[in-house]
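Here's a walk through a two-chain model, written for someone who'd rather be at the bench. Have a look at the sequence and the structure first, then read on.

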Amino acid sequence: MSSTQTETATVPVRGKKASVVPGTVLLWVLVAIYAFPLLWFILSSFKPGSELFSLPLSILPETWTISGYQDAWSRFNFARYFMNTGIVAVVTTALTVLVSSMTGYALAKYKAWWLNVFFMCVLATTMLPTEVIMPSTFVVIRDLGLYDSLPGIIIPSIVTATGVFMFRQYFKTVPDELLEAARIDGVGEIRTFFSIMLPLAKPMAVTLAIFSFQWRWNDYIWPLLVLNDPNQYTLQIALRSIVGADNIDWSVLLAASVISLVPMIVLFLIFQRQIMSADMNSGLKD
Amino acid sequence: MTASTAEPVEQAAPVPQHPRRRRSSIRRGQTIAPLIFIAAAVVLFALFFIWPGVFGFIYSLSDYRGFGTPDIIGFDNYTRLFGDPEFYSALGRTFLFVGFSVPLHYIIPLGLAVLLTTKLARGQAVARAVFFLPWLISPIVNGVIWRWLFGENFGFFNYFLSIFGIGPVQWQTNGELALVVVLIAGTWGGTAFTMLLFIAALRNVPQSYLEAAAIDGAMGWKRFRRITLPLLAPTTFLVVLVTTIGAMKEFAMIQALNGGGPGTENVLMVQYIYRTGFERGDIGYASAASMVLMVILIVIALIQMRFDRKDVQ
């Protein structure tokens, strides 16, 4: 209904119907520009090593091959990197959702000066990211005995301001009456949260879980600080070690990079709706 | 809401004893419960934010090299830092990068969001998914993708230009052009998220405003500038703040794209901290650089919050 209203309101001003052609053409030119780098990258990964650098370059591989993938898989311990990254991403995400929801709930539903102070502290972490205090963070990790271990990546990444903020905003929209009703019925505060409030916040939990998984899967800075032993490497660190070599083996690097993308693309295909419609007014970036 | 909560209290007033006891126990629960809820976050915050922050400052006054006990040497690190041309180069390069990166991260996603919400284009759902794809890609892979595309001898871009007799363009060996590639890669990777924010904001612009403007004869660019843009102000502030901080700490993508090269020409602040702290093992010195970057970020945040407040008024 509203669309017909706007059409009658916007179209007849100059007496001619606006064409969709220029807008559509522009949009699709931009789509081509945005899609090309990734398309070129993926197509290149299916070229044999000899074809990668032979001029003239062709968009499609002349001979399709998966030898780059076989090389990447056999020369590097990719199964291991996959598992490490998967463990880190899944465990951190579960803990992030739990801690963020509890913290966000406390900040939304209770009033105390120290809660306000803590909220300001949490907000401050967005302004001062880990990258900035890297050297001393490294010393902390080492002194805590977390150096070169997967918990060393997991534990420091649990708290994110974005997660806390998302849940705080969400629980603010839940009526206080619900909490009061639970209190009058004699339900304990902790139980109220776990049996009433947390189930209510399920959509928010799903959204944060998706985002958290992406942050952790693609994270570079914490693994870089914490890991040393190649057996503990996550995918990003492994890729960096290939690209940082004096002579980059492009055939392997292209394939390895594409392999690392697969879980994210699967995630996107499954949760596309949630990702695209996520109510994001809180600077979801970590 | 206040009226509805006041009612049961008044009803309960005639029987004071029971409710009072219950209320006091509830009140105690209301103090302890939030403490339990935030406990984990507080501990983690103290361990991985306060501790490194405080010790970062202490180390910046010391000659700590990662082992042994740090000796306090006063402001020597800062004196060395401010006498180091590489530090100024990294700082200047970072500001240059932020200066170009933030407008790009604003204009391009906003433009795309407008195209994706206008009625004057078709195929928007598919287009939106394509624009969103780079969000899935890690900064490292993002760097690799553009390194592959902009290789001087083997990249598609130089091949494409050579068809027209141009080049080879020095995307890797010329410092300025290398920064251009970094900007392009950063914008490509950062578009998705900001674009979604703008799409949400554009959908929240009341139709009635736009119709009223149309009746008054304001269309196209004029209507966008006068009506839509001012209504997007809160999103704009958020985007500028987030992308400024994001650009200030840019590190991973450049690591994979050109490692801050050619040479050290495009080493930004975080990479400078990493090099001095980890490759040279000079934790004290790197901490001093960290503190400088921290102060810069605080100043940026304060300036932007000021702007934000003005806007609300």
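In which helix of chain B is Asn158(B) found? That would be helix H7 of chain B, residues 156–163, where a helix is a DSSP run of H or I with at least four residues, a strand is a run of E with at least two, and both are numbered from the N terminus.

Before going further, some housekeeping. This is a predicted model, so local features need pLDDT of at least 70, side-chain atom pairs count only at pLDDT 80 or more, and totals for chains, interfaces and linings use all residues. Residues are numbered from 1 along each chain as its sequence is written, while chains are lettered from A and ligands numbered from 1 in the order in which they are written.

**Asn158(B) and its surroundings**

Asn158(B) counts as buried because it has 20 C-beta neighbours inside 10 Å. The cut-offs work like this: 20 or more other C-beta atoms within 10 Å of a residue's own makes it buried, 12 or fewer makes it exposed, and anything in between is partly exposed, with C-beta atoms placed from the backbone. Leaving out neighbours within four places in sequence, Asn158(B) is in contact with Glu152(B), Gly167(B), Pro168(B) and Val169(B); contact here means that the C-beta atoms, placed from the backbone, lie within 7 Å. As for Pro168(B), it sits 10 residues from Asn158(B) along the chain, and their C-alpha atoms are separated by 5.8 Å.

**Chain B as a whole**

Zoom out and chain B has 14 helices and 0 strands. Of its 313 residues, 38% are buried. Among the chain B contacts with a separation of 6 or more, 67% join residues 24 or more positions apart.

How sure is the predictor? Chain B averages a pLDDT of 85, with 89% of the residues scoring at least 70; pLDDT is the predictor's confidence in each residue, from 0 to 100. Residues 1–17 of chain B are another story: pLDDT is below 50 there, and that stretch has 4 contacts in the model beyond near neighbours in sequence. For the complex, the predictor gives an ipTM of 0.87 and a pTM of 0.86.

**Two domains in each chain**

Both chains are split into domains, with bounds that come from an automatic or database domain assignment. The table puts the numbers side by side.

| Chain | Domain 1 | Domain 2 | Distance between domain centres (C-alpha atoms) |
|---|---|---|---|
| A | residues 19–65 | residues 77–277 | 34 Å |
| B | residues 17–60 | residues 81–312 | 37 Å |

In chain A, 6 residues of domain 1 are in contact with 5 residues of domain 2. On the domain 1 side, the elements giving two or more residues are H2 and helix H3 (49–52) of chain A, and H2(A) supplies the largest share, 4 residues. By class, that side has 3 nonpolar, 3 polar and no charged residues. Here Ala, Val, Leu, Ile, Met, Phe, Trp, Tyr, Cys and Pro count as nonpolar, Asp, Glu, Lys and Arg as charged, and the others, Gly among them, as polar.

In chain B, 4 residues of domain 1 are in contact with 6 residues of domain 2. The domain 1 side divides into 2 nonpolar, 2 polar and no charged residues.

**Where the chains meet**

Between the chains, 78 residues of chain A are in contact with 85 residues of chain B. Helix H2 (residues 21–45) of chain A gives the most to the chain A side, with 14 residues. That side has 53 nonpolar, 17 polar and 8 charged residues.

For a single residue to look at, try Phe268(A), in helix H15 (residues 250–277) of chain A. Phe268(A) has 19 C-beta neighbours inside 10 Å, so it counts as partly exposed. Setting aside neighbours within four places in sequence, Phe268(A) is in contact with Ile275(A) and Leu136(B).

**A helix with two faces**

Finally, take helix H11 (residues 189–200) of chain A. At 1.5 Å a residue, its 12 residues should span 16 Å, and the end C-alpha atoms are 15 Å apart, which agrees; the expected span is 1.5 Å times one less than the number of residues. The buried residues of H11(A) are Glu189(A), Thr192(A), Phe193(A) and Met197(A). They cover an arc of only 95 degrees around the axis, so they are on the same side of H11(A); the arc is that of the directions from the helix axis to the C-beta atoms. Turned away from that buried side is a face carrying the exposed residues Arg191(A), Phe194(A), Ser195(A) and Pro199(A).

Technical notes. Two residues are in contact if their C-beta atoms, placed from the backbone, lie within 7 Å.
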